[in-house]
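Here's a walk through one protein model, told in plain terms. Keep the viewer open and follow along.

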Amino acid sequence: MSVTDSNISKIHSKTDVHLIQRKVSFDYSETPLHWIPDDPYSSHFISVIHTILPAGEFFFCRLYNKALPYIEDEQLREDVKGFIKQEAMHARAHSAGLAEYLETHGLDTDAFVKKVEWIFEQPLSDKPFGKNLPKSLEKRWLVLRLGLIAAIEHFTCVLGKYALENKNWDQKDADETILDILRWHAAEEIEHRNVAFDVYKYMGGNYAGRAPQMALIFTGLIGLWTMGATHLMKQDPTIKKHKSRLIGRSFWKEWRHKAKKGNLPSLSWLAFQSARYLSPSYNPSTEADTQQAIDYLAHSPAAQRAEAVA
Ligand SMILES: [Fe+2]
Ligand SMILES: [Fe+2]
């Protein structure tokens, strides 16, 4: 199968495929806690993604449903509907079974998940901290939050590309089910990488807003990632001896060490990716290749099961 549907309008939409929801499911019953063998640090560092994403992606769905009535371009409306369906499935796939998987191995995720949910339900909600906004500010508040999501979606795209291309995980015999959920999600992030940016521009989002939005997202992402990873690591009895040093300098040193070994993206790589979003000529289309995503989905065990059921 190849990309590019010639019937897709290019006026406001830069998406080159019809976005569909794939109803996937995963079985973690055989998945070890350290799903990258002999590397608890990197395993937890990536596992924390499962605890951050659901609250964020359900928030995306709510916000894009709010944006839909403002969008008159038919193709962009179709993209947004497909985007919402894909993000809802991502959120469900990451929450279903994964909390149970981590709990089975003695790790509690509730306390951290509640902190993540608070961010989307309080400061980022339609009524920030329960305060009603004046009617005149409602659309601006919506556009600002759509800008934040466009910045996040830049990360999900580049991290998606990273996950699809990191053969190091395969060489180290990383767990196939975890690799499949990461890469199925990665592939769909690449498929819909244009939608959030297209909507931001369509809704009047400007270039000036992108730098503060990315600064907030980059800081928030690193903060949440660090907090969530240390929350999991502190509970892991097999790395207990390092417990007291997990949040200190050794956390960052270990991150650099694992990134050098190819098991994790490095902090400097993430910073470089965030800077690319600030270019006036930034274009999500050129950040990844849709064909690479489609090629993965064509043999992803979960995506293939979903297709067979559909
Ligand atoms: Fe997603
Ligand atoms: Fe996404």
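Asp-110 sits in helix H4. Keep in mind that this is a predicted model. With a relative accessible area of 41%, Asp-110 counts as partly exposed, because that label covers the range between 20% and 50%. Asp-110 also has company: together with Glu-100, Glu-103, Asp-108, Glu-117 and Glu-121, Asp-110 makes up a patch of negative charge on the surface. Which helices feed this negative patch with at least two residues each? They are H3, spanning 98-104, and H4, spanning 110-121. H4 gives the largest share, with 3 residues.

Now turn to the metal site. Which residues hold the iron ion (ligand 1) as protein donors? Glu-57, Glu-87 and Glu-189 do so through OE atoms, His-90 through ND1 and His-185 through NE2, with distances of 1.9 to 2.3 Å. If you like to read such sites as sequence patterns, the donor residues follow the spacing E-x29-E-x2-H-x94-H-x3-E. Two of these donors link distant parts of the chain: Glu-57 belongs to helix H1 (residues 40-67) and His-90 to helix H2 (residues 74-95), 33 residues apart. Are these two buried or exposed? Glu-57 is buried, because its relative accessible area is 2%, and His-90 is buried too, at 0%. There is a second metal to look at as well: Glu-87 bridges the iron ion (ligand 1) and the iron ion (ligand 2), and the two ions lie 3.7 Å apart.

Next come the charged pairs. How many salt bridges does a search of the whole structure find? It finds 11. One of them joins the side chains of Glu-191 and Arg-22, at 3.1 Å from N to O. This pair ties together distant parts of the chain, with Glu-191 in helix H7 and Arg-22 in the segment before H1, 169 residues apart. Glu-191 is buried, at 3% relative accessible area, and Arg-22 is buried as well, at 12%. Add Glu-188 and you get a network of salt bridges linking Arg-22, Glu-188 and Glu-191.

Asp-39 and Lys-258 form another salt bridge, their closest N and O atoms being 3.3 Å apart. Here again distant parts of the chain are linked: Asp-39 is in the segment before H1, while Lys-258 is in helix H10 (residues 249-261), 219 residues apart. Asp-39 counts as buried at 4% relative accessibility, and Lys-258 is buried with a relative accessible area of 10%.

For a pair that is not buried, go to Lys-66 and Asp-126, whose salt bridge has its closest N and O atoms 3.4 Å apart. Lys-66 is in helix H1 and Asp-126 in the loop between H4 and helix H5 (135-165), 60 residues apart. Lys-66 is partly exposed at 40% relative accessible area, and Asp-126 is partly exposed at 35%.

Last stop: His-192, in the loop between helix H7 (176-191) and helix H8 (195-202). Its relative accessible area is 0%, so His-192 is buried. Which distance brings His-192 and Val-17 together in space? Their C-alpha atoms are 8.3 Å apart, although the two positions lie 175 residues apart in sequence numbering.

Conventions
Residues are numbered from 1 along each chain as its sequence is written. Chains are lettered from A and ligands numbered from 1 in the order in which they are written. This is a predicted model: local features need pLDDT of at least 70, side-chain atom pairs count only at pLDDT 80 or more; totals for chains, interfaces and linings use all residues. Side-chain values use heavy atoms; hydrogens and water are left out. Patches are made of residues with over 30% relative accessible area and no salt bridge: like charges are joined within 9 Å, nonpolar side chains (Val, Leu, Ile, Met, Phe, Trp, Tyr) within 5 Å. Accessible areas come from the Shrake-Rupley method with a 1.4 Å probe; for residues, only the protein chains shown count as cover. A salt bridge is a side-chain nitrogen of Lys or Arg within 4 Å of a carboxyl oxygen of Asp or Glu. Lys and Arg count as positive and Asp and Glu as negative; His and the chain ends are not counted. The place of a charge is taken as NZ of Lys, CZ of Arg, CG of Asp or CD of Glu. Helices (H or I, at least four residues) and strands (E, at least two) are DSSP runs, numbered from the N terminus. Buried means under 20% relative accessible area, exposed over 50%, partly exposed in between (1.4 Å probe, protein chains only). Donors are N, O and S atoms within 2.8 Å of the metal (3.2 Å for Na, K and Ca); water is not among the atoms, so sites may look incomplete.
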